[in-house]
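New to this one? Let's walk through it with a few questions and answers.

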Amino acid sequence: MTKTEIEHALAECAAQVLERMFFVCIHRENEPTASEVDSEWICEVGFAGEPSGHLGLGIGHKAASLIAADFLGEDQASLSGLQIGQVVCELANMVCGAVLSRIESGTTFRLDSPRLLPAWRSSGADAAVRLVIPEAGILNVIFSAERPVCPMSA
Amino acid sequence: MAYRLLIVDDSPAMRSFIRRVIDLSGFELSSCWEASNGIEALELLRSHWVDAILSDINMPGMDGEEFLRHLAADELLRAIPVMIISTDGTDQRIERMLALGARGYVIKPFRPEVLREALEKTLAVPCD
């Protein structure tokens, strides 16, 4: 798959997860660069399969609180940092699974447990998208594979 | 009829979400237990009978595949219908889990109505 195709898959899968499970609509921003400034919550999910690699997801606190409240059915004000972190991890897990289900359609894969990181990895990503959650903030998603992703089967 | 369910997922947030979706969809529950992996689930099943199990696949300790194998090897527990809820939507994975005995498979992300319909179908399947 080309970088553009992977970025398209990242954007579509993130939009699908947020719409179906968090009842939030998003749109893609033109500048496809992950930003540290607006990602107070950063989560990474490693995966093993063909290919292996990791998916990173970064989101601002306001947007993270909003989606956590929607997901858990609680008021934003009552949420703990632990709860927000768990929901961000679950969001990353679902986006990663959805993306891999597309690009690894011919094989099975295994996901590691999502983990919160203090900062983005310094190594570059193969693909990145920047998505806007209206009135809440930015969702950055990056994808990095150990070797090029095989073409998607028809 | 009120059902007794067991939700097996290593994510507390996802367990909470599944429970909330089931509650909001009007599904009548008499009890709903939670476990974070297959080991905890098997321990819980020693003392609590359930009408259906909703299980993730990727879990530390004992994953969904091994959990299904343990259930299938138990004369009593093999009768409990299991519905898999996973982010893995690959054909190979779905076929493998159904071959191991799962009665239903829901891919995350799912719409709330999809979960309810799948659960109703899973519970309606007659046990062997």
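Q: In which sense do strand 3 and strand 4 of chain B pair?
A: In this predicted model, strand 3 (residues 52-55) and strand 4 (residues 82-86) of chain B are joined over 3 bridges. Within that stretch, Ile53(B) sits opposite Val82(B) of strand 4 of chain B. The sense of the pairing is parallel.

Q: Which strands of chain B stand at the edges of the sheet?
A: The open sheet has 5 strands in the order 2-1-3-4-5, with parallel pairing. An edge strand has a single partner strand, so one side of it is left without a neighbour in the sheet. In chain B that goes for strand 2 (29-35) and strand 5 (104-107).

Q: What angle does helix 3 of chain B make with strand 4 of chain B?
A: Helix 3 of chain B packs on the sheet, where it touches strand 1 (3-8), strand 3 and strand 4 of chain B. Its direction and that of strand 4 of chain B make about 175°.

Q: How does helix 2 of chain B run relative to helix 3 of chain B: roughly parallel or roughly antiparallel?
A: Gly38(B), Ala41(B) and Leu42(B) of helix 2 meet Gly64(B), Glu66(B), Phe67(B) and His70(B) of helix 3. The two axes come within 9 Å and cross at roughly 30°. Angles under 35 degrees count as roughly parallel. So helix 2 of chain B is, relative to helix 3 of chain B, roughly parallel.

Q: Which element gives the most to the side of chain A that touches chain B?
A: Here 24 residues of chain A are in contact with 20 residues of chain B. Giving the most to chain A's side, with 9 residues, is helix 3 of chain A.

Terms used:
Residues are numbered from 1 along each chain as its sequence is written. Chains are lettered from A and ligands numbered from 1 in the order in which they are written. This is a predicted model: local features need pLDDT of at least 70, side-chain atom pairs count only at pLDDT 80 or more; totals for chains, interfaces and linings use all residues. Two residues are in contact if their C-beta atoms, placed from the backbone, lie within 7 Å. Helices (H or I, at least four residues) and strands (E, at least two) are DSSP runs, numbered from the N terminus. Axes are lines fitted to C-alpha atoms, for helices over the stretch in contact, and angles run from 0 to 180 degrees between N-to-C directions. Angles under 35 degrees count as roughly parallel, over 145 as roughly antiparallel, 65 to 115 as roughly perpendicular and the rest as oblique. Two strands pair if DSSP finds at least two bridges between them.
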